[in-house]
Amino acid sequence: MESVDTESKAPSQIGDRSTSDVVVRLRTQEGRDEWLYCHSHILVDKCKYFADRLSENWPTCQILDSRNCVEVYCQESDFDHHVNVLRLLYVVTDGSVDDMWQGVRNAVGILQVAAELECPQIVAACVNYLEAVPWEEGEEEEILRIIPSMGSQAEPVLARLQPVNPSAIRGLFLSAIRFATSSPLSHLNDLKSAAQEQLEYMITEDDDGPILTADDEIKSEVKECVKILFGRFGNLLEAILREHRESNSEEEKLQLLKSYLLDLLWACQILTKMEIMREFVSSWVDISDKVVKVVQQESSTAEMIETKYKVIEVASKVLETIGYGSVILPTAKRLHMLKVWLPFVRVTKPLVDSVTASGEDTVEFKVDGELWQSLESTFVSIILALPSADQAEILSEWLENEHVKYPDLTEAFEVWCYRSKVAKRRLALCGGSLV
């Protein structure tokens, strides 16, 4: 019997001149010129470009070093990618070469060249790699610049960047709003803050449109979540006023109060963007007396002053909404809000100024320089919308108060004086009746 040769043929390797039957000559306009000794059976089997170049149908085929020669011209920036594609033709067999891409940018360059040369196995392996690995911001921009023009073969790479269907967006928004208005354990506060930030981003129109346009269902859910938040805040105020100290230490109570105020301040931003502040304003009006009573009974430590400042930040949002007519309230409620918040702001501003001016390292909160001016203008606006007799009462109390400097109601006083002086004449000319 004849002996059977059981040794398998050694696999071809790029650069092996002893077995090579074709030279791929890579050249650039800058003069770079490199010969790569290859094997026609691999090039033809795995790359349509080389299959065409080495076919009998190609009009000319140069001979170099006793071998067929295929000249390939490329840009200098793509030179290394062409070399890598040729090397990958020898190793890509099943679409898996996870350790050979040398990063996202290199893989994108290889993908471009492989697509141009029509190497389907390399394209598939490269797409699989790019679809699965994380990208840095610069890499993502590079992918967005290149991949969309490559057609359906590269579409999987862009899966993570595709617009999400509206149902998924709604579901995520609703889950996030429930978490953002919840009262998780303190170690989850950073996660809650992140959720609040992203919710605001989702509904904000900047260079791009908002991710979500709030319809009645979304608005209803947001209002319900804020209502529940207000309910828990009210319960905390009641507990403090009843001095239930056995459940929380003084420090824990203060931290919880600050946490609620931060949530309510954020809720103002969201509700204002969605134009659904009415319920929030009504709830704050109803609870204002308790809020002031709670923070006034506490000591004037730096931390407590910060809490009072947070109270003023929330109150200023509500007062601004009232003062500029975004939410319409009856006269009695507008007058009540002035009588609650004018005295509180008068007394609190000097405390805030003294703490922030001291430059103590223990002072961590930042004061919005425009808040006081904006609040002063809001007070003037609300006062001037009241009946003239109520205006006179507010202005009289202001002029007799030791904190007459802030808020400065001079503008309201001047308008009241003018209106009062010319009232009879103006109404008579207009045919109005006088009380």
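Which helix is the place of Leu-399? Keep that in mind as you look around this predicted model; the answer comes in the section on the surface patch.

## The chain as a whole

Let's start with the overall picture. The chain has 435 residues, and 42% of them count as buried. Its secondary structure is made up of 16 helices and four strands.

The accessible surface of the chain adds up to about 24600 Å², and carbon and sulfur atoms account for 49% of that area. Contacts tell you about the fold too: if you take those between residues at least 6 apart in sequence, 70% join residues at least 24 apart.

## A hairpin of two strands

Now find strand 1, which covers residues 22–27, and strand 2, which covers residues 33–38. The two run antiparallel, and six bridges join them. To see the pairing for yourself, pick out Leu-26 and look across to strand 2, where Glu-34 stands opposite.

Between these strands, the hairpin has five residues. One of the residues to look at in this hairpin is Gly-31, which takes a positive phi near 100°.

## A buried asparagine in helix 4

Next, move along to helix 4, which spans residues 104–117 and contains Asn-106. Is Asn-106 buried or exposed? Asn-106 counts as buried because its relative accessibility is 14%, and the cut-off for buried is under 20%.

Who are its partners? Setting aside neighbours within four places in sequence, Asn-106 is in contact with His-81, Asn-84 and Trp-101. With one of these, His-81, the side chain of Asn-106 also makes a polar contact of 3.5 Å.

## An exposed leucine in helix 7

For a contrast, turn to Leu-172, which you will find in helix 7, residues 166–180. Leu-172 is exposed because its relative accessible area is 55%, and exposed means over 50%.

You can also compare distance along the chain with distance in space here. Leu-172 and Leu-199 are 27 residues apart in sequence, while their C-alpha atoms are 9.6 Å apart.

## A nonpolar patch on the surface

Finally, back to the opening question: Leu-399 has its place in helix 15, which runs over residues 388–399. With a relative accessible area of 46%, Leu-399 is partly exposed.

Leu-399 also belongs to a nonpolar surface patch, together with Val-404 and Phe-413. What area does this patch have? It comes to about 220 Å². Try selecting Leu-399, Val-404 and Phe-413 in the structure to see the patch they make.

Definitions and conventions: Residues numbered from 1 in each chain as written. Predicted model: local features only at pLDDT ≥ 70, side-chain atom pairs only at ≥ 80, totals over all residues. Heavy atoms only, no water. Pairing = 2+ DSSP bridges. Buried < 20%, exposed > 50% of the residue type's maximum accessible area, 1.4 Å probe, protein only. Polar contact = N/O pair within 3.5 Å; in protein donor to acceptor, adjacent residues only side chain to side chain. Contact = heavy atoms within 4.5 Å. Patch = residues over 30% accessible without salt bridge, like charges linked within 9 Å, V, L, I, M, F, W, Y side chains within 5 Å. Areas by Shrake-Rupley, 256 points an atom, 1.4 Å probe, with all protein chains shown as cover. Salt bridge = Lys/Arg side-chain N within 4 Å of Asp/Glu carboxyl O.
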